[in-house]
Amino acid sequence: MTQQSQTPPPITPPLPQPESDFYWDKCKEHELWFRHCKACNKNYFYPRDICPECFSRNTDWVQSSGKGTLYTFAIVHRGPIPAFRDRAPYVTAMVELEGGVCMPTNLVEVEPDPSAIKIGMEVEVVFDDMDDKISLPKFRPAS
Ligand SMILES: [Zn+2]
């Protein structure tokens, strides 16, 4: 039997697609952007060219303030795959950004304890530089 390494395997970064290259390029610059539909005037996330509300291709990019509120969260005590197992506990979350879009993310810089995390709390984006291409937007309690 071989000795297992104490270092968890790396987390595989997201794989940018042509529709999301702009999004990831801006994340690398520590800016958060989402999509806006000029036909129905709705904002949406995740980034894609076709509006999920009205299917128009008359869409554009909008820069987020990086501020939002916590819509919901879950504290993960047992990571689902080896890369996450030794990182538990951690907090998965849905954040509603100013502008009305909701995005999946992680809540960081907070105790992974329900007494420290409240639905509706104000949060702000921070970026986790995974490698030279991907910076993941995560959120922390607003200062
Ligand atoms: Zn639309």
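**From the core to the zinc site**

Isoleucine 117 touches Leu70, Phe73, Ile75, Val91, Leu107, Val110, Glu111 and Pro112, leaving out residues up to four places away in sequence. The model is a predicted one. Start at this residue, then widen the view.

Isoleucine 117 belongs to the largest nonpolar core, which has 25 residues. Tyr23, Leu32, Leu97, Leu107, Ile117 and Phe139 touch the most other members of this core. The elements that supply two or more residues to it are α1, β1, β4 (67-76), β5, β6 and β7. The most comes from β5, with four residues. In soluble globular proteins, nonpolar side chains tend to be buried together.

Now place the core in the whole chain. The protein chain has two helices and eight strands. Along the sequence they follow the pattern α-β-β-β-β-α-β-β-β-β. The C-alpha trace spans about 60 × 35 × 25 Å along its principal axes. Of the 143 residues, 34% are buried. Take the contacts between residues at least 6 apart in sequence: 52% of them join residues at least 24 apart.

Turn to helix α1, residues 21-28. Which of its residues are buried? They are Tyr23, Trp24, Lys26 and Cys27. These residues cover an arc of only 160° around the axis, so they sit on the same side of α1. What lies over them? The cover for the buried residues of α1 includes β1 (33-37), β3 (59-63), β6, β7 (122-129) and β8 (135-141). Tyr23 thus appears twice, as a buried residue of α1 and among the core members with the most contacts to other members. Just after the helix, histidine 30 takes a positive phi of about 60°.

Next comes the metal. Four cysteine sulfurs coordinate the zinc ion at 2.3 Å: Cys37 (SG), Cys40 (SG), Cys51 (SG) and Cys54 (SG). In sequence these donor residues are spaced C-x2-C-x10-C-x2-C. The angles among the four donor atoms run from 105 to 116°, and the site is tetrahedral. For four tetrahedral donors, the ideal angle at a metal is 109.5 degrees.

Are the donors buried or exposed? Cysteine 37 has a relative accessible area of 0%, so it is buried. Cysteine 51 is also buried, because its relative accessibility is 1%. Cysteine 40 is partly exposed, with a relative accessible area of 28%.

How many disulfides does the structure hold? It holds zero. Cysteine 102 shows why no bond forms there: its sulfur lies 16 Å from the closest cysteine sulfur, in cysteine 27, and that is too far for a bond. Cysteine 102 is partly exposed, at 26% relative accessibility. Its closest cysteine partner, cysteine 27, is one of the buried residues of α1.

Finish at a loop. Glycine 99 lies between β5 (90-97) and β6 (102-107). Its relative accessible area is 45%, so glycine 99 is partly exposed. Setting aside neighbours within four places in sequence, glycine 99 is in contact with Phe34 and Asn43. Alanine 74 is 25 residues from glycine 99 along the chain, and their C-alpha atoms are separated by 23 Å. The strands on either side of this loop, β5 and β6, are among the elements that give two or more residues to the largest nonpolar core.

Notes
Residues are numbered from 1 along each chain as its sequence is written. This is a predicted model: local features need pLDDT of at least 70, side-chain atom pairs count only at pLDDT 80 or more; totals for chains, interfaces and linings use all residues. Side-chain values use heavy atoms; hydrogens and water are left out. Donors are N, O and S atoms within 2.8 Å of the metal (3.2 Å for Na, K and Ca); water is not among the atoms, so sites may look incomplete. Four donors count as tetrahedral if all angles lie between 85 and 135 degrees; four count as square planar and six as octahedral if opposite donors are over 155 degrees apart and all others between 65 and 115; anything else is irregular. Buried means under 20% relative accessible area, exposed over 50%, partly exposed in between (1.4 Å probe, protein chains only). Contact means heavy atoms within 4.5 Å. A disulfide is a pair of cysteine sulfur atoms within 2.5 Å. The arc is that of the directions from the helix axis to the C-beta atoms. A nonpolar core is a set of buried Ala, Val, Leu, Ile, Met, Phe, Trp, Tyr and Cys residues joined through side-chain atoms within 4.5 Å.
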